[in-house]
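Colleague: Could you walk me through this one before I go back to the bench? I'd like to start with any enclosed space.

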Amino acid sequence: MTTFAVRPGSSRPLAGTGTLLRFALRRDRLMIPVWIAVNALMVLSMPGTLEGLYGTPAERADLIRQMETNSSLRAMVGPVFGDSLGALTAWRVGVYAAALAAVMSLLIVVRHTRDEEESGRQELVASGMVGRRASLTAALLAAAVANGVLALLVTAGLSGQGTRGALALGLGIAAVGMVFATMAAIVAQLTESARLARGLTAAVLGAAFVLRAAGDSATDDGSSVLTRLSPLGWLENLRPYASERWWVLALFAGAVALQGAVAYVLAGRRDLGMSFLPTRPGPASGRLGSAGALAWRLQRGSVLGWSIGFFLAGVVYGGMTDSAADLVGDNDNARRIIERMGGRSGLTDAFLASMVGMLGLIAALYIVASVLRLHGEETSGRAEPVLANAVGRVRWAAGHLVIAFGGAALIMLLAGLGLAVGHGRETGPILGACLVQLPAVWVVGGAAVLLHGVLPQAALAAWGIAGAVLLIGWVGPALDVPQAVLDVSPFGHLPKLPGESMRWGPVLVLTGLAALLVAGGLAGLRRRDMSA
């Protein structure tokens, strides 16, 4: 057990901040490095990839012309502001790297604020000589450390493309992360549930992405009002490697300062464990007579959010399929990357298969988050009252696992429907392509179940597995890594539908492996002590 040795001085609002910060960084010693590594590698691998794709000035000029006239692709990745490798890197991954930094930041802040209060640990800490705002400050500082390290890695790694542009991109990505860190700090004061705090902040991030996408589809220079209302749009308008607009950083600083001040004011005006938006008093409506019903009640908001997101993503990806084929054109390198991700059955089918594969990789994040809800229920003590009744451990876990594994099937099904709607072609082959991703998704979920059941202290390492799979699937084909590396991921063994012929062997093997992992995790859960 970790003990706190905080010097007297609880009358000071920030007393004990240093100790709490060290504790937060120690708790997140696995999660933060994984998030930083995945994000940094995604950014730093891009110049080499783009050099292979657009190695000549003529190819880059053609790309810029295509982006100026293609609103669908601008909505996905934003406008291009320069033809250098640095400018193309900022265009291709800047928005997505910033979104990942935002997710990392909101998870850190909510975990060390509302999560701590909800579990009761914050009350224990507050009984010592700890200042009233020390926990909030430590959470924000932990997010700042994570974003600062990410900014340093991006700046150092891209400095060969130009120091000014690298610094602008690194600071911009970190600044977006801090905007959503302070946003999460506000939401954590307003809500009484950590789950709701994460969900609402993620919804704000989704709205920011939609605003930027709508604005960029309308203009090719980032000048739309909608783009300028989004922090992700601010990053675009910072224009790394394209006559940097350093004054945009003042917008980030102002937003961080204002939101941080609001969070501090709210934190000083509420009691510990309370919120400004109280939860609805019981009894709950509907039936909660089983462990499965309780699990559905706890996870239905997450399932709904992921379902809507996957359907809309499918519509967008389906709508840009023909445009992407036009953009690739005669670029042999780009064609090879898409064929490596989606097969050699024709460019359109290969692009569809690659988009289906990307959605499958993202679905792996959903299943890990859903499975680890078991870990959260156990460590917070909420599982004990349920298990104290006539509910066995396997039955309790099965309720959540049905939501996790069944929810993965649901969101992939909706993604297929969205792709069919957006592309306007026969629904059956696309739905089949999406559902074929499920065995690989389930293997990642099974690994999370095994970790929780056998090594609960290492359960959060499941995020590292999902991050590694995402990195291999996203960056591996572009870097032309050996097939042996791609085969480390379960997704590397799946048939690349809708273009290729169906191969049942890998699908059945992966499904069996997922079942074995789940069985092993449940067996470990039955034998070990709870909260051990």
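Modeller: A cavity here is a set of points, on a 1 Å grid over the protein atoms alone, where a 1.4 Å probe fits but cannot get out, and lining residues have an atom within 4 Å of a point. Grid points are joined across faces, edges and corners, and a volume is the space filled by probe spheres set on the points. This is a predicted model, in which local features need pLDDT of at least 70 and side-chain atom pairs count only at pLDDT 80 or more, while totals for chains, interfaces and linings use all residues. Residues are numbered from 1 along each chain as its sequence is written, and side-chain values use heavy atoms, with hydrogens and water left out.

Colleague: OK, how many cavities of 30 Å³ or more does the search find?

Modeller: The search of the whole structure finds two of them, and the largest holds about 160 Å³ of space. Of the 16 residues that line the largest cavity, F81, A90, W91, E236 and P240 are the closest to its centre.

Colleague: Which helix gives the largest share of that lining?

Modeller: That is α6, with five residues; α6 (85-111) and α13 (231-238) each supply at least two, where helices are DSSP runs of H or I with at least four residues, numbered from the N terminus.

Colleague: Switching topic, how do α20 and α21 cross?

Modeller: The axes of α20 (residues 393-423) and α21 (residues 427-435) come within 8 Å and cross at roughly 145 degrees, with axes fitted to C-alpha atoms over the stretch in contact and angles running from 0 to 180 degrees between N-to-C directions.

Colleague: And what about salt bridges, how many are there?

Modeller: The count comes to eight, taking a side-chain nitrogen of Lys or Arg within 4 Å of a carboxyl oxygen of Asp or Glu. One of them joins the side chains of E116 and R27 at 2.8 Å, N to O. E116 lies in α7 (residues 114-119) and R27 in α1 (residues 17-27), so this pair ties together parts that are 89 residues apart in sequence.

Terms used:
On a 1 Å grid over the protein atoms alone, a cavity is a set of points where a 1.4 Å probe fits but cannot get out, and a pocket is an open set with protein on both sides within 12 Å along at least five of seven lines; lining residues have an atom within 4 Å of a point.
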